[in-house]
Amino acid sequence: QQQKQQQRGMMKVAVGIDAEWRDPQLDCSIVQLAVHDLVWVIDTHIPLKTLEFKQQLHEVLEFVATSPVVQPLGFSFHDDLVRLLRLDPALSMDAFSSLVDVQAYQQQRLTCASGKQKRAERKQQAQLCRKKAPIAPSDSSTQYGQPSFVTRVVVAQLSPTVGNSSYMHQQVLGTFNTPRPSHSVQVKGGRSLKRIVQDVLGIQLNKANQCSNWMRRPLRKDQLEYAAIDAWVLIPLLHHMQGVDIVNN
């Protein structure tokens with residue numbers, strides 16, 4: 001049924017994936033999976049992981065990586081993938097071959113924009129030589145729309161317990177106003193997630209918890225919020241870049 005829907009041109013569901021860790025020598029402490037209005041923060045830093053938990057985690061990661069109806073999104077995903085493979089050795093190295101790395105995508109846009117700008121400058125110079133008259137510069141400033149919809153982000157923290165069934169704690173962290181996608185977004189430089197989000201969405205990310213202690217339990221609310229947004233923001237970010245109207249889609 002999924003294959004038939006895909007053949008009919010059904011749009012894939014974008015899923016942002018991210019991971020956080022403190023010690024580079026250890027596995028990731030949490031894994032975040034985000035859709036447009038929901039984020040799961042999965043606690044993977046458990047000293048005694050049950051076989052059932054490992055199997056369920058593998059099934060989730062494999063589904064996100066290989067499902068024909070899912071479009072996984074990451075940011076500078078190589079380091080995340082290395083730790084995911086440590087966490088789940090059953091995953092293959094090319095499991096996330098369909099993943100769109102938003103950082104690399106932005107770099108491609110910068111390269112294309114640079115080439116277009118150079119061609120436009122050469123064209124303008126040729127027109128100046130022919131007409132012998134100045135050409136008024138075009139307005140290339142960024143045109144962000146007004147916030148037009150609100151996304152509710154919910155964090156679900158899954159913690160397995162030895163000998164008992166898993167339990168899930170859900171907490172509504174808040175709502176976020178996101179600008180309407182614009183086809184005239186200015187392409188700027190910068191490779192960090194904070195810089196790209198600022199350039200494309202016009203939103204300031206708070207990165208204060210980037211180097212916090214992800215191994216300490218329980219995680220603070222601001223840590224959960226930071227982790228959730230890092231995965232969730234990839235979806236409107238890519239949609240803005242592609243000019244997709246995520247208000248009506």
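Which residues does Ser29 touch, not counting residues up to four places away in sequence? In this predicted model, the residues in contact with Ser29 are Glu20, Trp21, Ile42, Asp43, Thr44, His45, Trp214, Met215 and Arg217. Ser29 itself lies in the loop between β1 (13-20) and β2 (30-35). With a relative accessible area of 1%, Ser29 falls under the 20% limit and is therefore buried. Its side chain also comes to 3.4 Å from the backbone oxygen of Trp214, one of the residues that Ser29 touches.

The strand that follows this loop, β2 (30-35), is buried at 6 of its 6 residues, so the rest of the structure largely encloses β2. In a regular strand, side chains alternate between the two faces of the sheet. In β2, Ile30, Gln32 and Ala34 point one way, while Val31, Leu33 and Val35 point the other way. Both sets of residues are buried.

Strand β2 is paired with β1 and with β3. The pairing of β1 with β2 is antiparallel and comprises 5 bridges; within it, Ile17 has Leu33 of β2 as its bridge partner. Strand β3 (residues 38-43) is likewise antiparallel to β2, and 6 bridges join these two strands. Here Ala34 has Val39 of β3 as its bridge partner. The connection from β2 to β3 is a hairpin of 2 residues. Ile42 and Asp43 of β3 (residues 38-43) are among the residues in contact with Ser29, and Glu20 of β1 (13-20) is another of these contacts.

How values were computed
Residues numbered from 1 in each chain as written. Predicted model: local features only at pLDDT ≥ 70, side-chain atom pairs only at ≥ 80, totals over all residues. Heavy atoms only, no water. Helix = DSSP H or I, 4+ residues; strand = E, 2+ residues; numbered from the N terminus. Buried < 20%, exposed > 50% of the residue type's maximum accessible area, 1.4 Å probe, protein only. Polar contact = N/O pair within 3.5 Å; in protein donor to acceptor, adjacent residues only side chain to side chain. Contact = heavy atoms within 4.5 Å. Pairing = 2+ DSSP bridges.
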